[in-house]
Amino acid sequence: MKAATLFRATFGVAPRAAASAPGRVNLIGEHTDYNGGPVLPVALGVRTTVVAGPADAGVLELVSTLDGRLTRLDPRDHRAAGWAAYVAGVWHEVAAAGARRGSLTGARVAVAGDVPVGAGLASSAALTVATAKALALLARTPLTPRQLAGIAFRAEHDHVGVRCGIMDQTIAALAQPSHALLIECASAEARQIPFRGRLLLVDTGGRHELAAGALNRRRGECEAAVARLQLELPELTWLAAWPAAWLARLKRALPEPLRARAVHVVGETARTRFGAQLLARGRLKQFGRLLYESHESCRRLYECSAPELDLVVAAAKRAGALGARLTGAGWGGAVLVLVERKREARITALIRGAFARAYGREPPITVVRAAGGVRRESAR
Ligand code: GLA
């Protein structure tokens, strides 16, 4: 059901503002964003749409096609749970970003999402960025895509408590069709890079719950690694800034598992910057090799893979794909596969077959088209 239809069915009036934002796949640069390194995502064609209208002061009324239930809460109350907490976080941030006095005292919000939840495709950033735009339109507060990304990041990081980096919100806000975005996360500098590759997305169906644990734990390990490495290099603020030429020194300074995590981050940082150069020059074969290396590093060093992800990557490699790797946080979710068009049908069939033999079902496989970022939609 469309968000506007759900809004009218729930509240009996038409919404006043509407916006949508995309999910993403990260081509390379995993677990580098919160370490101050580079990432290289593209936006997906699947989007989340959010429509909004006014409500009484101090009331936030929320409904989503996900569960169809109406949630009513006071946004100043921090006990919102599930997806409602993300919307409440955005509400706070839009209000703080200078919504004109009294223009955002309460709101009704309806959400329709096509981005699979927990699949490593950044459904939460699609939700927060689209909500930020819809609420900003409702409050008549003009905000740039950069500002929307900042609001969405703080909603997830500060309000919900997922210790994510800035990648997902930045790509959802700044994406351009047919381009990947190289984001240097320490400076937030972003560069559009034409993307001409043929990319498949294999959803293994494994799902994760980020706030619950693994990502926050890894982030803690990275912070512990930085604290120890500062004894060697007091100027170090980000793990990704450790000089790649000093890898031996890093290994000596850190115990396991901090050593493995840090070696992944430093290696992935170099791979991502090199990968962006290769992509810009259309060197897809070499780029693909970096994808395999990245997956191996995620699996062995960062330990964020899962058996079904490894199986798909191995099947893609045997079938002759240019490259393949898990995408997003990991521990389940989706695998991206870079293919030459002439081999696509064969590779798809071989991945399907291998997966079905192991798990007794076929995974959904879709073609990724690099899409655009957040946009205003018609509220009808
Ligand atoms: C999640 C986070 C991102 C990023 C990835 C791992 O998707 O939301 O900020 O850290 O994990 O690269």
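Which residue in strand 7 is the bridge partner of Pro 38? Keep that one in mind while you get set up. What you have open is a predicted model.

**Stop 1: the sheet**

Select Pro 38 and then Glu 184: Glu 184 is the bridge partner in strand 7. Now widen the selection to residues 179-184, which make up strand 7. Strand 7 pairs with strand 2 over 2 bridges, in the antiparallel sense.

Add the third strand and you can trace an open sheet of 3 strands, ordered 2-7-8, with antiparallel pairing. Strand 2 (38-39) and strand 8 (189-194) are the edges, each pairing on one side only. Between strand 7 and strand 8 you'll count 6 bridges, again antiparallel. For one spot to zoom in on, pick Ile 183 and look across to Ala 190 in strand 8, which stands opposite.

While you're there, follow the chain round the hairpin that links strand 7 and strand 8. There are 4 residues between the strands, and Ala 188 has a positive phi near 65°.

**Stop 2: the ligand**

Next, select the ligand. You'll find it in the largest pocket. To show its surroundings, pick Arg 24, Glu 30, His 31, Asp 33, Tyr 34, Cys 164, Gly 165, Met 167, Asp 168 and Ala 329. Colour that shell by residue class and you get 4 nonpolar, 2 polar and 4 charged.

Which side chains should you put distance labels on? Try these, each to an oxygen atom of the ligand:

- Asp 33: a polar side-chain atom lies 2.5 Å away.
- Glu 30: a polar side-chain atom is 2.7 Å away.
- Arg 24: an N or O atom of the side chain is 3.1 Å away.

How much of the ligand does the protein bury? On its own the ligand exposes 310 Å², and the protein buries 97% of that.

**Stop 3: two backbone oddities**

Where does Pro 257 lie? Head for the loop between helix 7 (247-253) and helix 8 (258-280) and you'll land on it. Turn on the backbone there and check the peptide bond from Glu 256 to Pro 257: this bond is cis, with omega near 5°.

Then jump to Arg 140, in the loop between helix 3 (123-138) and helix 4 (145-160). Arg 140 isn't a glycine, yet its phi is positive, near 50°.

**Wrapping up**

For a last view, show Glu 184 with Pro 38, its bridge partner, and then swing back to the ligand in the largest pocket.

Technical notes:
Residues are numbered from 1 along each chain as its sequence is written. This is a predicted model: local features need pLDDT of at least 70, side-chain atom pairs count only at pLDDT 80 or more; totals for chains, interfaces and linings use all residues. Side-chain values use heavy atoms; hydrogens and water are left out. A residue is near a molecule or strand if one of its heavy atoms lies within 4 Å of it. A polar contact is a pair of N or O atoms within 3.5 Å; within protein, one must be able to donate a hydrogen and the other to accept it, and residues adjacent in sequence count only if both atoms are side-chain atoms. Accessible areas come from the Shrake-Rupley method with a 1.4 Å probe; for residues, only the protein chains shown count as cover. On a 1 Å grid over the protein atoms alone, a cavity is a set of points where a 1.4 Å probe fits but cannot get out, and a pocket is an open set with protein on both sides within 12 Å along at least five of seven lines; lining residues have an atom within 4 Å of a point. A molecule sits in a cavity or pocket if more than half of its atoms lie within 2 Å of its grid points. Ala, Val, Leu, Ile, Met, Phe, Trp, Tyr, Cys and Pro count as nonpolar, Asp, Glu, Lys and Arg as charged, and the others, Gly among them, as polar. Two strands pair if DSSP finds at least two bridges between them.
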